Amino acid sequence: MMFSVVTGGAGFIGSHLVDALVARGDRVTVIDNLSAGTRENLARHLENGAVTVVTADLLGDGWEDHLEGAEMVFHLAADPDVRQSAVTPGQQVQQNIVATERVLDAVRHHGVRNIAFTSTSTVYGEASVIPTPEEYTPLEPISVYGATKLACEALISAYSHSYGIRSTSFRFANIIGPRSGHGVIPDFVRKLRENPRELEILGDGSQTKSYLEVSQCVQAMLFAVDHARDPVNVYNIGSEDWIDVTAIADIVVRALGLSRVKYRYTGGERGWVGDVPRMLLSIDRLKALGWKPGIGSRESVVAAARAMASGG
Ligand SMILES: NC(=O)c1ccc[n+]([C@@H]2O[C@H](COP(=O)([O-])OP(=O)(O)OC[C@H]3O[C@@H](n4cnc5c(N)ncnc54)[C@H](O)[C@@H]3O)[C@@H](O)[C@H]2O)c1
């Protein structure tokens with residue numbers, strides 16, 4: 001049995017990660033300020049005592065000692081809103097960079113030997129090589145969110161080398177599925193529930209990206225953490241194909257049992273400031289390690305849309 005700490009473990013991806021850790025027999029402590037996450041996401045583990053939740057803000061004090069004895073820290077807590085990062089950049093610097101530095105300091109002081117971090121495809125900016133491999137340069141984020149995650153990766157690398165901590169940073173494509181509160185599918189479901197006749201689509205609908213169902217993402221994370229051997233490891237996680245936004249709208253409309261919905265495009269090649277219109281990650285590094293996704297972008301979107309339509 002391993003003792004793992006998950007920051008942001010009450011959120012979307014974090015709660016699925018906790019499910020997988022509990023299923024393999026880990027003892028788990030979640031540190032989350034419940035700003036976006038909920039105790040409900042972890043309800044069944046709380047009933048049977050498999051998981052301890054520490055309700056705390058990483059920018060505050062009092063949570064650090066909960067890392068004592070941990071073999072692994074999964075650091076997921078962040079402000080993940082790319083669109084909002086253009087409006088309140090200072091907030092994302094605090095929530096992402098400063099909070100990560102505080103986690104790294106706690107990891108160092110409590111002698112934790114392993115950290116995993118959830119980074120993002122947005123560190124690549126508008127890459128000229130697609131599918132984009134991890135070694136692609138220049139890393140030129142076009143959103144504040146992407147910039148903060150890249151800064152976190154740099155801090156993690158420095159702490160790994162300075163203090164002998166093994167780190168694995170994951171650059172995610174769009175991760176989707178039950179319990180997700182943000183992104184294109186929850187946005188469409190919310191809008192269609194308000195008005196089933198018309199759907200506002202941000203941009204011109206041609207933005208084309210890679211999507212992966214959350215349980216696949218969590219499997220990939222755990223596989224990589226178990227098998228990666230370098231002091232500093234970086235892996236892309238996504239599916240091997242992509243899908244455009246209008247096709248996603250069609251799938252969500254069908255999942256909700258609707259038809260003849262009028263699409264109203266806000267126009268332009270990007271949905272918002274900092275939106276990268278084309279994103280597909282190379283996952284060759286992860287495949288070489290021995291893991292590949294069981295499903296592609298379309299199947300991931302269909303599964304996520306169905307889950308959300310039925311209340312997930
Ligand atoms: N969902 C995606 O497609 C995607 C893509 C790339 C990267 N990521 C990254 O994966 C991670 C998880 O994302 P998610 O989609 O599950 O988002 P989420 O908002 O559901 O989860 C984030 C969790 O962190 C908690 N949190 C935020 N700030 C905190 C703080 N200061 N102190 C303590 N807890 C705090 C929130 O309450 C929430 O439970 C994030 O780091 C995000 O940047 C997600």
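Which elements do the buried residues of α5 pack against? In this predicted model, the partners are two strands, β7 (174–176) and β8 (198–201), along with two helices, α7 (245–255) and α9 (297–309). The α5 helix itself runs over residues 184–194, and its buried positions are Val184, Ile185, Phe188 and Leu192. Looking down the axis of α5, these buried residues fall within an arc of 95°, so they line one face of the helix. Flip to the other side of α5 and the picture is one of exposed residues, namely Arg190, Arg193 and Glu194.

Ile185 turns up again in the core. The largest nonpolar core counts 81 residues, and Ile185 is among those with the most contacts inside it, together with Val73, Cys217 and Ile237. Helix α6 (residues 214–227) is the top contributor here, giving seven residues to this core. Both domain 1 (3–175 + 213–237) and domain 2 (178–210 + 241–274 + 295–309) supply residues to the core, so it lies between them. As for Cys217, leaving aside residues up to four places away in sequence, its contacts are Ile13, Phe172, Ile175, Leu212 and Ile237. There is also a second, separate core, this one of eight residues, with Ala127, Val144, Tyr145 and Ala147 among them. In general, nonpolar side chains of soluble globular proteins tend to be buried together.

Now to the domains themselves. The domain assignment splits the protein chain into domain 1 and domain 2, each built from separate stretches of sequence: 3–175 and 213–237 for domain 1, and 178–210, 241–274 and 295–309 for domain 2. Taken over C-alpha atoms, their centres are 26 Å apart. Where the two touch, domain 1 puts in 18 residues and domain 2 puts in 14. On the domain 1 side of this contact, the elements giving two or more residues are α1 (12–23) and α4 (144–163). That same side breaks down into nine nonpolar, six polar and three charged residues.

Helix α1 also has a part in the ligand site. The ligand is surrounded by 29 residues, with Gly8, Gly11, Phe12, Gly37 and Ala78 the closest. Elements that give two or more residues to this shell are α1, α3 (89–109), β5 (114–120) and β7. Of the shell around the ligand, α1 provides the largest share, at three residues. Strand β7, then, is one of the elements in the ligand shell and also one of those packed against the buried residues of α5. Sorted by class, the shell holds 14 nonpolar, 12 polar and three charged residues.

Notes
Residues numbered from 1 in each chain as written. Predicted model: local features only at pLDDT ≥ 70, side-chain atom pairs only at ≥ 80, totals over all residues. Buried ≥ 20, exposed ≤ 12 C-beta atoms within 10 Å, placed from the backbone. Helix = DSSP H or I, 4+ residues; strand = E, 2+ residues; numbered from the N terminus. Arc of directions from axis to C-beta. Contact = placed C-beta atoms within 7 Å. Core = buried A, V, L, I, M, F, W, Y, C linked by C-beta atoms within 7 Å. Domains from an automatic or database assignment. Nonpolar A, V, L, I, M, F, W, Y, C, P; charged D, E, K, R; others polar. Near = placed C-beta within 6 Å.
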